[in-house]
Amino acid sequence: MGVFIRFVRKWKQRFRENLCVEALRDQLCSGRLARIPLVARCSLIKLACQRPEGETTPFRDVWTHAALAEALEQELGLRISTSEVGRILRSETLRPHLVKQWLHSPDPAFLEKAQAVCDLYLHPPPGATILCMDEKPMQALERKHPSRVGPRAVLRHEYEYIRHGTMSLLAVFNVRSGRVFGQVLPKRTSEATVEFMEQVAAQYRQRDIYLIWDNLNTHYDGKDQRWSEFSVWYDGWFHFVYTPLHASWMNQVECWFSILQRRLLRYGSFGSQQALAARVEGFIQHWNDHEHHPFRWTWRTDKLQNRQHA
């Protein structure tokens, strides 16, 4: 085993004094005395669980290890190293330097609207067509230098670019089939939205169409009662359903927009607005021909995370 003689003598003596298997187990040891007082550890954890506000940190919104060490020194007069701060935070699985986005819906009728949308997704009326509609602004950015694959197959993306203006994508997502109907326009206006909806009506000639969209200004009637007149013009085919305020994530076309953003727009290079429109419309055609599928909706209004809206 490669141990010293005194090590063997110690364990032989222990076993002679107590002839049982328990005598071969290590005895409890006190270990090194703690250098960081318990009150300091508790104070550090308390600081990390709060926002860095007040006179001690007037110009900081997120903690760092160094900032926590300074705040603890001002509070207790005890200075510990930044590495010790990191060890204490890791032992408690605390990560105060991370920030996650969160959006609260101020809609007083959140649950009622959310339940109506979920019912259309999970229990659609027989024979009805469920469509999700929204607009996506897009920038036509051209990279000054082409992207390359670097070491370890990491994409090297040039950060300098040339602006060629912006465009807007209007799209509807069919919840049952997963197909997308979209059009790229120079800008988003109420007139353009009405014209697009007329094309949607020509695509889907069913008598019962539920259109889910968010609370964008062009989605409201306005002074000219555009959508009330639109519904009358098509003999009441269309039923407009609004997502709750600040809850456009409930619109399934946003899931498809996320795919478009990751696949095409995030690292793409477009030399003109026409090039951007051609690529996006080409991707829509590719999606409908080869990849279209419905999304599996799992969000429910009765889940625990929705209790703040109850």
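Analyst: Start with one definition: buried means under 20% relative accessible area, exposed means over 50%, and partly exposed lies in between. Keep in mind that this is a predicted model.

User: How does Gln225 count on that scale, and why?

Analyst: Gln225 has a relative accessible area of 37%, so it is partly exposed. Gln225 sits in the loop between β6 (209–213) and α7 (226–233).

User: What is notable about the phi of Gln225?

Analyst: First the general idea. Most residues other than glycine have a negative phi. Now the case. Gln225 is not a glycine, yet its phi is positive, near 50°. His246 is a second case: its phi is near 60°, again positive in a residue other than glycine. His246 belongs to the loop between β7 (238–242) and α8. With a relative accessible area of 45%, His246 is partly exposed.

User: Which residue follows α3, and what is the sign of its phi?

Analyst: Gly77 follows α3, and its phi is positive, near 75°.

User: How do I check the length of helix α3 against its residue count?

Analyst: Use the rise of 1.5 Å a residue. The twelve residues of α3 (residues 65–76) should then span 16 Å. The end C-alpha atoms are 16 Å apart, so the two agree.

User: Which residues of α3 are buried, and what covers them?

Analyst: Ala67, Leu68, Ala69, Ala71 and Leu72 are buried. Their cover includes α2 (38–48) and α4 (82–91).

User: How do I read the buried face of a helix such as α8?

Analyst: The general idea is periodicity. An α-helix has 3.6 residues a turn, so residues three or four places apart point the same way. In α8, the buried residues are Val253, Trp256, Phe257, Ile259, Leu260, Leu264 and Leu265. They cover an arc of only 155° around the axis, which puts them on the same side of α8. These buried residues pack against β1 (129–143), β4 (161–174), β5 (180–185) and α9.

User: What makes a salt bridge, and how many are there?

Analyst: The test is a side-chain nitrogen of Lys or Arg within 4 Å of a carboxyl oxygen of Asp or Glu. The whole structure holds seven salt bridges. One of them joins Glu291 to Arg263, with the closest N and O atoms 2.6 Å apart. Glu291 lies in α9 (residues 273–291) and Arg263 in α8 (residues 253–265), so the pair ties together parts that are 28 residues apart in sequence. Glu291 is partly exposed at 22%. Arg263 is partly exposed at 47%.

User: Which partner does Glu73 have?

Analyst: Glu73 pairs with Arg79, the closest N and O atoms being 3.1 Å apart. Glu73 is partly exposed, at 36% relative accessible area. Arg79 is partly exposed too, at 46%.

User: Are the partners Arg25 and Glu22 buried or exposed?

Analyst: Both Arg25 and Glu22 are exposed. The closest N and O atoms of this salt bridge are 3.1 Å apart.

User: Which nonpolar residues form a patch on the surface?

Analyst: Met1, Val3, Phe4, Phe7 and Val8 do, with about 590 Å² of accessible area together. Take Phe4: it lies in the segment before α1 (5–17). At 59% relative accessibility, Phe4 counts as exposed.

User: Where is Trp102?

Analyst: Trp102 is in the loop between α4 and α5 (110–122). At 68% relative accessibility, Trp102 is exposed. The C-alpha atoms of Trp102 and Glu291 are 31 Å apart, across 189 residues along the chain.

Terms used:
Residues numbered from 1 in each chain as written. Predicted model: local features only at pLDDT ≥ 70, side-chain atom pairs only at ≥ 80, totals over all residues. Heavy atoms only, no water. Patch = residues over 30% accessible without salt bridge, like charges linked within 9 Å, V, L, I, M, F, W, Y side chains within 5 Å. Areas by Shrake-Rupley, 256 points an atom, 1.4 Å probe, with all protein chains shown as cover. Helix = DSSP H or I, 4+ residues; strand = E, 2+ residues; numbered from the N terminus. Buried < 20%, exposed > 50% of the residue type's maximum accessible area, 1.4 Å probe, protein only. Expected span 1.5 Å × (residues − 1). Contact = heavy atoms within 4.5 Å. Arc of directions from axis to C-beta.
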